[in-house]
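Me: Please take a close look at the salt bridges in this model, and at one buried charged residue and its partner in particular. Where do the two sit, and what does their pairing join?

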Amino acid sequence: MAGNATHPSPNRRRFLLASGAAVAGTGAALALPGQRSSSGAPGTAHAQSLSRTPPARPAGRRAAPFAATTLDTAAQLVGSGGYRRITSGPGWPLVVRGELAPAAAGRQDRRTALACFVQFTDLHVADVQSPLRTEYLRAGSPGSWRAQEALSVAGAVSLVEQANAVGGGPHTGRPPAFVMSTGDNIDNHSMRELEWFLTLMSGGRITPNTGDPTSFEGVQNSGLALYWHPDDNLRDQDKRRGLPAIPGYLEAAMRPVVSPGLRVPWYSTPGNHDDLPGGCLAPQDPMLAEYVTGARKLFTVPDTDVAAFAKVLETGGDPKSTVLKEILRHNASRARTVTADERRRMFTPHEYLRAHLNPAFAGAGPVGHGYTEDHLDDDRMYYSFTVAEGVIGISIDTTYRSGHYEGSLGTEQLQWLERTLAAHSARHYDADGRLVRNTGADDAHILVFSHHHSPSMTRRPDAARAEEKRHDGQDVIALLSRFPNVVAWINGHSHVNRITPHAHPTAARSFWEVNTASHVDYPQHARIIELADNHDGTLSLFTTLIESAAPHRTDFDDLSSVGLASLYRELSYNAPGLASGLTDGVHEAMAGTARDRNTELLVRRA
C-alpha cells in the first residue's frame, strides 16, 4: 500500500485489500423526495429491477453493549491458547488532541453542538460462495481468507441496530442526523451483494445465500484442510490452531436475516470493492463476467499460481485480471461444479447508481442516498449535501475504474471539488498562497468524505479515463489546506483506526484526517462523529468508536442472528496472528492507539 501508514504486515495487507478472498445539529436539511439536492436535481427516481420485502419491525432493546460506545466498554480477548474468547473490557478514554488548536479551559460550558452523525466503513458484505473469490491464496498467506466472512450480513445488521440505538452523541447529546458509509460496502462487486447492502441499510429480509438454495457450496465444506470447517470434525489448519467445531454453522449462516433498516437518512460513498470485482480486477471483463455467474469454482491451485498472483498484488502491477484469467484457464480441470447463479453478475457504474436511486431502497431517505438522476448522465459518484445548518458534506469518488485497489482523483473531479469548496468559503487561498475573498459564499464548515485515505491514493493512470491526469493524496491535502473552512477529511480503506493532523504554517489552514477501521476485520468499528463550536475561536470534532449491537460474550450453541453477530466479532479477533498474544503491534496498528480512537480534535474556527 502506498504511503507511510503502519499495517499488520505487507503481505497480509495486500491480500486483505486486493484479493477476491478478502481483498486484502438537530436534523439536517436533506434531499428528501420532492426536495432538491445540492445539485438542484429532484430527489426522486423511477423504480428499478431490484426488489426487497417490506421493512420489518425494529428489534427490541438488549443488554450491554447494545447502545453503549467504547467510552463505556470495549471488546477484549481473554484467556490463552490458539482461540481466545471475548469479554466486555473497560472503556477507552477520551483523548484531547491539540496539535492544530489550543484546548482552552471552560470550553465544555461554552460550546454549541453543530452536527452529529455516524460513519460506517468497509462493511464488505460478501457472497462467500462466488466463483470469483480467490480463497486459495490462503496457501501463501493465512490472513488472505477470513473465517468469519460468511457472517458479514448478520454482523452488518447488528451494526445497523447499534446505530439505531444511539440516542445522542456522547459529548453533545445531539441525535445523529444520518449515517455515511465510506465505501467497500460490498466485497465482490456483484448485483446480489449490492441488493443485500441496500436492503440492510434501508430495511428488509436478506437471505445471504447464492447458488443452490438448499446447500452451501463454498470452501468451508470442501474437505480441504486449508479452510475452517465448522460443521464437521476435519482436522483443518484453523481447528489445529484452536477454532471450534460449531455444528449447524453453515446452515445458520445461510438463513434469512431481517434488518430493521436505519432510522435516520444514510449516504453512500463508493470504494474500490463497490466499483471493481475483487476490489482490484478489471470490471466487465467478458471472461470474468461469465465465470462469476457460471457453474465452476476453483477451491485450490498450485503454489506457483498462488505465488504468481501474490506477486502482482504485492508489487501493485496492473495485469491482475490477466494473471487471474491465466490461473483460471490452466486450472480448469481442478474446478469443482457449483450451481450457476445469474444474480452474481457484475454491474456497471450506471446500474450501481440506478440501484441507489430505486425507491424500494429509499429507507429513511434520501432517495438516491446522495446520488440524483443528474448523476446518471455521466455516471458521476461524487456530490455535496447538507450535514446540518452551517455544515456541508462533500463525498468524493476515489476509485480507479479500470481496476486497482489504490485510489486517486481525476482532474475534472478535483476541479469540481475546488469549485464546491469555494462556494462554501467566504475566503480561501489560491495555489500560490494569495488570499481570495468570496462575499457571495455561504461560509459553512466543511467535512469531506472518501473511501481511500491519503496514503493509499496514487497517480497511476486509469485506463477507464485515459485522457485525465490523476491526483494523489498529497494533491488532495494541498487543495483542502487552501480552505480554512475544511474541518476534516473522513475515510476508510485501510482497515485501521488512524487520526492524522494536517498542519499548515498558516494555522487556520490546518485540518484533520480521520481514518476508521473496517467492520469485517478486527476490531470491527464504526464512529459517532460530533462537531461543536467552542466559542473561543476553535471547533471540537469528537470521534467516538462504536461496535455492533451484538453481546461481547459468545455462545457456540446460539446460532440466532444475534449469536452469529457475536461470533462474527469473536472470529475476527482470532484471525491468524491476532489472538496469539504475541502481536500487540498488529493490534495497535489496526485498532490504533488511544490517540486514534475516542478523541476530541481541536481545530481553529475559520
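Reply: R344 counts as buried in this predicted model, with a relative accessibility of 1%. Its side chain meets that of D127 in a salt bridge, at 3.1 Å from N to O. D127 lies in the loop between β4 (112-120) and α3 (152-165), and R344 in the loop between β10 (336-337) and α11 (349-357), so the salt bridge ties together parts that are 217 residues apart in sequence. D127 is buried as well, with a relative accessible area of 1%; the cut-off for buried is under 20%.

Side chains of opposite charge can pair when their charged atoms come close. The pair D127 and R344 can be set beside two others. E195 and R192 form a salt bridge at 2.3 Å, N to O. These two residues are 3 residues apart in helix α4 (residues 191-202), which means that about one helical turn separates them. E195 is buried, at a relative accessible area of 12%, and R192 is buried too, at 14%.

The side chains of R434 and D432 also meet in a salt bridge, with an N to O distance of 3.3 Å. Here both residues, R434 and D432, are exposed, whereas D127 is buried and R344 is buried.

Salt bridges also occur as a network, which links R133, E135, R146, E149, D187, K297 and D521. The structure holds 35 salt bridges, one of them being the pair D127 and R344.

Terms used
Residues numbered from 1 in each chain as written. Predicted model: local features only at pLDDT ≥ 70, side-chain atom pairs only at ≥ 80, totals over all residues. Heavy atoms only, no water. Salt bridge = Lys/Arg side-chain N within 4 Å of Asp/Glu carboxyl O. Helix = DSSP H or I, 4+ residues; strand = E, 2+ residues; numbered from the N terminus. Buried < 20%, exposed > 50% of the residue type's maximum accessible area, 1.4 Å probe, protein only.
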